Amino acid sequence: VMPDGDERDGATALDVASRAASRAEDDAWDAHHDALLEWSVADGRDGSCNAPWRATHAGFNIGAWLQNQRAKMRAKKMPRDRATKLDALTAAGRLWIDAPGRKGWKEQLEKLAAWAEKTNGGVDYNAPVGTTHEGAKIGAWLATQRTRRRDGENARRPLKPEQAAALDALVLRGVLRCEKADPWPRKWALVLKWGEERANGEHFNVPYDYKDGDERVGVWLNTQRQRFRGGTTKNLPLTPWQTEQMQAMIDAGKLWVHAPDDVWEKKFALLLRWGKEKTRGVNYNVPQGEEYEGVNLGSWLSTQRARLLHETLGKNRPLSDDERRKLQKLIDDGKLRPATPRGKNAAKGQGKRAPRGNLDDVDAALNVDLPHTSKRGRKT
């Protein structure tokens with residue numbers, strides 16, 4: 001049965017569009033190829049076509065394009081006519097497809113085995129990322145193979161069946177780890193460590209900017225709170241075991257997931273205690289980065305100064321009128337240094353000033369039975 005006129009016209013239009021797209025792709029490939037040849041002899045070059053990754057010529061990103069062509073050649077995915085052109089350059093010694101010194105997959109695995117045998121008797125193939133052996137970067141290579149194995153068919157260059165089988169055999173022998181170690185228990189242990197050491201086990205609400213070595217424990221805990229609450233697409237849900245660990249702390253009243261309403265008031269009270277203890281109430285200028293009672297009070301105060309200066313500050317909510325009044329009272333009394341306006345805000349001076357309101361609560365908090373000390377240290 002012959003298709004009717006409309007169907008033939010539609011098929012013809014698709015064929016025409018497909019051929020046009022194919023020609024456009026061929027033209028683009030030829031243009032990059034020609035630009036690469038021109039680049040190879042421009043500016044006194046010796047005809048080598050091994051352009052660096054960032055190289056450009058005549059408006060074409062020939063370096064990135066060449067890297068892509070090499071990957072296709074190695075994966076045997078290059079159309080025959082294009083492969084013939086690149087093979088001709090390789091045969092002439094003007095182009096390499098496999099980088100000089102590049103080791104084949106089987107050779108890299110053999111180097112890894114030799115390293116394991118030499119360093120631990122062959123019982124552990126888990127070479128650290130920076131490991132090299134006999135000129136082969138086996139650590140970086142192994143990290144790439146782990147990623148390819150985990151990603152399966154979704155990998156940029158999937159492992160061949162025999163390659164995946166070779167890795168699986170090592171995993172079954174117990175000498176190679178391919179799955180990522182779960183960092184959650186280790187980082188949760190750092191939260192518990194902070195609570196025991198900094199808060200005597202009374203709570204485990206690690207400050208947002210707290211770090212243990214290179215581990216950003218406060219940031220990590222904040223992310224776990226988001227995962228616990230749910231409703232976020234940025235992070236995977238917690239596992240049942242992880243949820244159980246956090247829920248136990250929440251039920252014991254030692255961890256909050258939804259920020260309490262009085263967090264700001266508690267930190268302001270901490271600021272007042274710091275001033276009374278450290279300067280006998282002369283000033284409340286906590287140095288940047290100084291910790292007090294397990295809280296990075298200096299960093300918090302720096303943020304409040306900036307919030308007082310600006311109506312809005314990043315993700316921080318605006319200060320309430322009461323919060324602004326309390327900070328402004330300390331500034332007006334000469335006990336707190338304000339933030340310095342910068343850039344386009346410098347001409348405008350200080351941001352929104354706090355309403356006067358009732359400041360008896362601040363005066364009461366500042367009225368302590370300690371002898372007043374002048375700036376020169378004399379008691380009066």
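This is a short guided tour of the structure above, with a suggestion at each stop for what to select next.

**Stop 1: the whole protein**

Before you zoom in, keep in mind that you are looking at a predicted model. Show the whole protein as a cartoon. How many helices and strands does the protein have? The secondary structure comes to 13 helices and 0 strands, so if you read along the sequence you just meet one α after another, α-α-α-α-α-α-α-α-α-α-α-α-α.

Now colour by burial if your viewer can do it. Of the 380 residues in the protein, buried ones make up 33%. Contacts are worth a look too: take those between residues at least 6 apart in sequence, and 50% of them join residues at least 24 apart.

**Stop 2: a loop with an odd residue**

Select Lys76, which sits in the loop between α2 (62–74) and α3 (80–91). Is Lys76 buried or exposed? Its relative accessible area is 74%, so Lys76 is exposed. Check its backbone as well: Lys76 is not a glycine, yet it has a positive phi of about 60°. Here is some background for that: most residues other than glycine have a negative phi.

**Stop 3: helix α5**

Next, select residues 138–151, which are helix α5. This helix has 14 residues and reaches 20 Å from its first C-alpha to its last, close to the 20 Å expected at 1.5 Å a residue. Try it with the distance tool.

Which residues of α5 are buried? Show side chains for Ile138, Gly139, Trp141, Leu142, Gln145, Arg146 and Arg148. To find what covers them, bring up α4 (105–120) and α6, which are among the covering parts. Then step off the end of the helix: α5 is followed by Gly152, with a positive phi near 60°.

**Stop 4: where α5 meets α6**

Keep α5 on screen and add helix α6, residues 161–173. The two axes come within 11 Å and cross at roughly 105°, and α5 and α6 are therefore roughly perpendicular to each other. Turn the view until you can see that crossing.

Which residues make the contact? On the α5 side, pick Gln145, Arg148 and Arg149; on the α6 side, pick Gln163, Leu167, Asp168 and Val171. Colour them by type and you'll get 2 nonpolar, 2 polar and 3 charged residues. Gln145 and Arg148 may look familiar, since they were also on the list of buried residues in α5.

**Stop 5: the loop before α8**

Move along to Asn200, in the loop between α7 and α8. Asn200 has a positive phi of about 55° although it is not a glycine. With 64% relative accessibility, Asn200 counts as exposed.

**Stop 6: helix α8 and Leu221**

Select residues 217–229 to light up α8. It has 13 residues and spans 19 Å from first C-alpha to last, close to the 18 Å expected at 1.5 Å a residue. The buried residues here are Val217, Gly218, Trp220, Leu221, Gln224, Arg225 and Arg227. Their cover includes α7 and α9.

Stay with Leu221 for a moment. Its relative accessible area is 0%, so Leu221 is buried. What does Leu221 touch, not counting residues up to four places away in sequence? Select Trp188, Val191, Phe204, Asn205, Val206 and Leu255 to see. Now put a distance between two C-alpha atoms: Leu221 and Phe204 are 17 residues apart along the chain, and those atoms are separated by 9.7 Å. Just after α8, Gly230 takes a positive phi of about 80°.

**Stop 7: helix α9, a helix with two sides**

Select residues 240–251, helix α9. Its 12 residues should span 16 Å at 1.5 Å a residue, and the end C-alpha atoms are indeed 16 Å apart.

Colour Gln242, Met246 and Met249, the buried residues of α9. Look down the helix axis: they fall within an arc of 55°, so they line one face of the helix. Their cover includes α7 (184–198) and α8. On the face turned away from that buried side you'll find the exposed residues Pro240, Glu244 and Asp251. Following α9 is Gly253, with a positive phi near 75°.

**Last stop: Gln328**

Finish in helix α12, residues 321–332, by selecting Gln328. At 7% relative accessibility, Gln328 counts as buried. Add Leu308, and you can check a last distance: 20 residues apart in sequence, 8.4 Å from C-alpha to C-alpha.

Key: Residues are numbered from 1 along each chain as its sequence is written. This is a predicted model: local features need pLDDT of at least 70, side-chain atom pairs count only at pLDDT 80 or more; totals for chains, interfaces and linings use all residues. Side-chain values use heavy atoms; hydrogens and water are left out. Axes are lines fitted to C-alpha atoms, for helices over the stretch in contact, and angles run from 0 to 180 degrees between N-to-C directions. Helices (H or I, at least four residues) and strands (E, at least two) are DSSP runs, numbered from the N terminus. Angles under 35 degrees count as roughly parallel, over 145 as roughly antiparallel, 65 to 115 as roughly perpendicular and the rest as oblique. Contact means heavy atoms within 4.5 Å. Ala, Val, Leu, Ile, Met, Phe, Trp, Tyr, Cys and Pro count as nonpolar, Asp, Glu, Lys and Arg as charged, and the others, Gly among them, as polar. The expected span of a helix is 1.5 Å times one less than its number of residues. Buried means under 20% relative accessible area, exposed over 50%, partly exposed in between (1.4 Å probe, protein chains only). The arc is that of the directions from the helix axis to the C-beta atoms.
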